[in-house]
Amino acid sequence: QITTVSGNEFLLQSDTDFLILDWFHAIKNAIDRLPKEQRITSRNLEFKLRRSSSIELLNNLDTESKEPKPEHRKSLIFRLNYSASDTNDRNRVKSRLKKFISRRPSLKTLQEKGLIKDQIFGSHLHLVCEHEKSTVPRFVRLCIEAVERRGLDVDGIYRVSGNLATIQKLRFVVNQEEKLNLDDSQWEDIHVVTGALKMFFRELPEPLFPYCFFEQFVEAIKIQDNATRIKSIRNLVKKLPRPNYDTMKILFEHLQKIAAKESVNLMSTQSLGIVFGPTLLRPEKETGNMAVHMLYQNQIVELMLSEYSKIFGSEED
């Protein structure tokens with residue numbers, strides 16, 4: 001607070017001591033530059049520091065000015081002691097947090113106690129299958145069954161997006177509950193079911209077509225001779241890990257049923273390739289060839305749907 005000779009009062013506030021001292025020196029230097037006749041004699045000049053809601057600079061230039069209330073007066077030393085105490089408090093809090101974090105149970109322990117359940121979305125395919133003691137995730141089977149019951153004739157099935165908030169709600173339910181009824185009224189929009197199924201495959205840490213197979217599938221689809229191309233892709237599919245192969249087989253069988261209803265649902269093998277290509281296979285590291293890769297991704301899915309029986313059938317077929 002600055003009180004001038006004319007009686008005007010100014011209040012400058014800041015929580016930063018150094019900033020206040022800068023203000024103090026700037027004002028003092030301005031006063032020192034005034035003509036001698038306009039200055040107040042040094043014995044009438046008093047500078048004080050006090051702490052209220054913040055540090056305030058007091059410059060009592062007039063001995064007749066009102067003195068600040070005693071309860072508001074605090075020295076800069078008090079402020080520094082307060083800051084040191086505050087720092088000690090923060091250090092104690094940090095120390096306690098470190099102890100708490102170091103003593104917290106491991107994820108495995110929490111899972112064993114049932115406090116944290118194994119996630120379905122975002123987990124590796126083989127881990128989901130191991131947990132369920134199967135080679136095809138239960139959620140994938142449930143979604144396929146629901147779509148085949150009430151979605152084969154729906155216009156734009158798998159292409160039309162469902163309500164994202166409802167899809168996220170379904171995702172949460174799948175991750176938290178063991179029992180799931182996709183015929184429940186809250187999942188009546190079949191596009192929510194198809195959206196959740198696509199999300200499941202998108203969120204796999206490693207896609208249904210493993211990263212190490214990506215370039216091999218791309219090279220296979222480039223083969224000009226159709227019979228050789230089909231045989232090459234068939235051989236690659238046979239080399240896939242069991243959960244990937246079985247899940248891929250049941251999914252493509254399902255998508256073939258969707259394509260068979262193209263006259264009603266308007267979803268051809270080409271349309272399904274566009275929808276599922278980038279979802280099911282992608283390179284581990286994106287390069288500048290994204291557009292080219294996307295073209296090949298779509299073509300691979302389209303070919304596998306068109307030639308499903310030759311790729312997934314028995315050797316005799």
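**Exercise 1.** Which residues in α10 meet which residues in α12?

*Solution.* The structure is a predicted model, in which local features need pLDDT of at least 70, side-chain atom pairs count only at pLDDT 80 or more, and totals for chains, interfaces and linings use all residues. Residues are numbered from 1 along each chain as its sequence is written, and side-chain values use heavy atoms, with hydrogens and water left out.

Step 1. Helices are DSSP runs of H or I with at least four residues, numbered from the N terminus. Helix α10 covers residues 242-260 and helix α12 residues 269-280.

Step 2. With contact defined as heavy atoms within 4.5 Å, L251, F252, L255, I258 and A259 of α10 meet T269, L272, F276 and L280 of α12. The residues of this contact comprise eight nonpolar, one polar and no charged. Here Ala, Val, Leu, Ile, Met, Phe, Trp, Tyr, Cys and Pro count as nonpolar, Asp, Glu, Lys and Arg as charged, and the others, Gly among them, as polar.

**Exercise 2.** Determine how α10 is oriented relative to α12 and to α5.

*Solution.* Step 1. Axes are lines fitted to C-alpha atoms over the stretch in contact, and angles run from 0 to 180 degrees between N-to-C directions. The axes of α10 and α12 come within 10 Å and cross at roughly 150 degrees.

Step 2. Angles over 145 degrees count as roughly antiparallel and those under 35 as roughly parallel. The helices α10 and α12 are therefore roughly antiparallel to each other.

Step 3. For helix α5 (residues 138-150) and α10, the axes come within 11 Å and cross at roughly 10 degrees. These two helices are therefore roughly parallel.

Step 4. On the α5 side, V140, R141, I144, V147 and E148 meet T247, I250, L251, H254, K257 and I258 in α10. This contact has six nonpolar, two polar and three charged residues.

**Exercise 3.** Is N265 buried or exposed, and which residues does N265 contact beyond its neighbours within four places in sequence?

*Solution.* Step 1. N265 is located in helix α11 (residues 262-265).

Step 2. Buried means under 20% relative accessible area and exposed over 50% (1.4 Å probe, protein chains only). At a relative accessible area of 0%, N265 is buried.

Step 3. Apart from neighbours within four places in sequence, N265 is in contact with L152, D153, V154, D155, G156, I157 and I258.

Step 4. A polar atom of the N265 side chain lies 2.8 Å from the backbone oxygen of L152.

Key
Parallel < 35°, antiparallel > 145°, perpendicular 65-115°, else oblique. Polar contact = N/O pair within 3.5 Å; in protein donor to acceptor, adjacent residues only side chain to side chain.
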